[in-house]
Amino acid sequence: MMNGNHPLLEVRDLRIDYDISGAASWRRRTITVVQGVSFDIAPGETYGLVGESGSGKSTTGRAILRLADVSGGSVRFDGQDLTRLPKATPLSYRRDVQAVYQDPAASLNPRHRVGRAITETLQRHRIGDRAQRRSKAAEIFKKVGLTEEHLSRFPGQMSGGQLQRVAIARALVLEPRLIVCDEAVSALDLSTQSQIINLLKDLQADTGVSYLFITHDLGVVRHISHRVGVLRRGEIVEQGPTREIFEDPKDEYTQALLAASPASHPSGRTERRAARVRQRIEMGKA
Ligand SMILES: Nc1ncnc2c1ncn2[C@@H]1O[C@H](COP(=O)(O)OP(=O)(O)O)[C@@H](O)[C@H]1O
Ligand SMILES: [Mg+2]
């Protein structure tokens with residue numbers, strides 16, 4: 001498509017309503033779970049969307065993935081309004097915008113070797129012939145810190161961190177421009193978390209991909225995001241460069257969130273304790 005001066009993703013005044021009228025109901029009832037949400041993501045940028053459970057983070061991500069209907073406002077990707085795209089999402093959009101979720105095992109067939117998840121993704125997008133898909137899969141596995149041998153493993157034979165690498169490989173192999181990472185490291189232990197975060201950063205430096213990094217964990221978002229938006233009950237209460245949000249939060253709710261998150265206080269006792277635990281983990285593995 002095109003590029004120009006506009007951001008890669010432009011979310012403007014987004015509203016998302018859910019239909020909560022049961023099947024037997026004749027009157028339509030809705031609840032608004034996202035309202036007035038606006039933010040941009042530039043090419044090669046990571047935007048962190050944080051907030052408590054139920055604040056509307058995943059719903060926002062789902063709208064961008066076209067898995068939730070937009071009730072108001074607009075989402076533009078590369079200048080194109082998503083609400084104007086045909087109902088069946090075009091293949092090009094499904095290639096440009098990928099997702100990585102919290103539980104990689106859930107999206108992998110336990111009876112298939114994990115390499116197949118990659119080759120089938122390529123096949124669905126009509127990329128390469130059999131041999132080319134196979135070598136592309138080997139190549140992408142190496143890029144995410146796995147080996148060619150891992151291609152023939154079953155999901156049950158891999159650790160949580162390795163499975164998340166498979167999920168990242170599957171997203172990345174399509175050379176997307178945006179990856180929605182929804183709690184992508186939330187289920188991992190601290191040392192695996194930092195390995196995956198470093199991997200995502202390296203891949204971004206390498207490919208220029210953008211991330212919408214959704215998490216309830218402020219400690220995590222601090223280490224990966226260029227900018228952060230704080231979501232509360234479906235509305236962004238504050239957004240700005242990560243440093244500003246963490247060092248000088250203006251909004252009371254952001255301040256409360258930070259106070260409740262031990263990992264986001266670099267000087268706090270809890271963080272020092274967590275750092276010692278992390279160090280021990282690293283040494284134990286070495
Ligand atoms: N399909 C749905 N139908 C009705 N309500 C939903 C649906 N999905 C999510 N919700 C509600 O929308 C709100 C936001 O959910 P979600 O976006 O998953 O929050 P988060 O990811 O921040 O935890 C919650 O109150 C949730 O219960
Ligand atoms: Mg969620």
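## Exercises on a predicted model

Of the 286 residues in the protein, 36% are buried, a residue being buried if 20 or more other C-beta atoms, placed from the backbone, lie within 10 Å of its own, exposed if 12 or fewer do, and partly exposed in between. This is a predicted model, in which local features need pLDDT of at least 70 and side-chain atom pairs count only at pLDDT 80 or more, while totals for chains, interfaces and linings use all residues. Residues are numbered from 1 along each chain as its sequence is written, and chains are lettered from A and ligands numbered from 1 in the order in which they are written.

**Exercise 1.** Determine which residues of helix α3 are buried and what covers them.

*Solution.* Begin with the extent of α3, residues 114-124, where helices are DSSP runs of H or I with at least four residues, numbered from the N terminus. Within this helix V114, G115, A117, I118, T119, T121 and L122 are buried. Next, look at the cover over these residues, which includes α4 (130-143) and α5 (160-172). Finally, just past the end of α3, R126 takes a positive phi of about 55°.

**Exercise 2.** Place M158 in the fold and decide whether M158 is buried, exposed or partly exposed.

*Solution.* M158 lies in the loop that joins α4 and α5. Count the neighbours: M158 is partly exposed because 19 other C-beta atoms lie within 10 Å. Then list the contacts (C-beta atoms within 7 Å): leaving out residues up to four places away in sequence, M158 touches V114, R153 and L163. For the pair M158 and V114, the separation is 44 residues in sequence and 9.6 Å in space, C-alpha to C-alpha.

How values were computed: Helices (H or I, at least four residues) and strands (E, at least two) are DSSP runs, numbered from the N terminus. Two residues are in contact if their C-beta atoms, placed from the backbone, lie within 7 Å.
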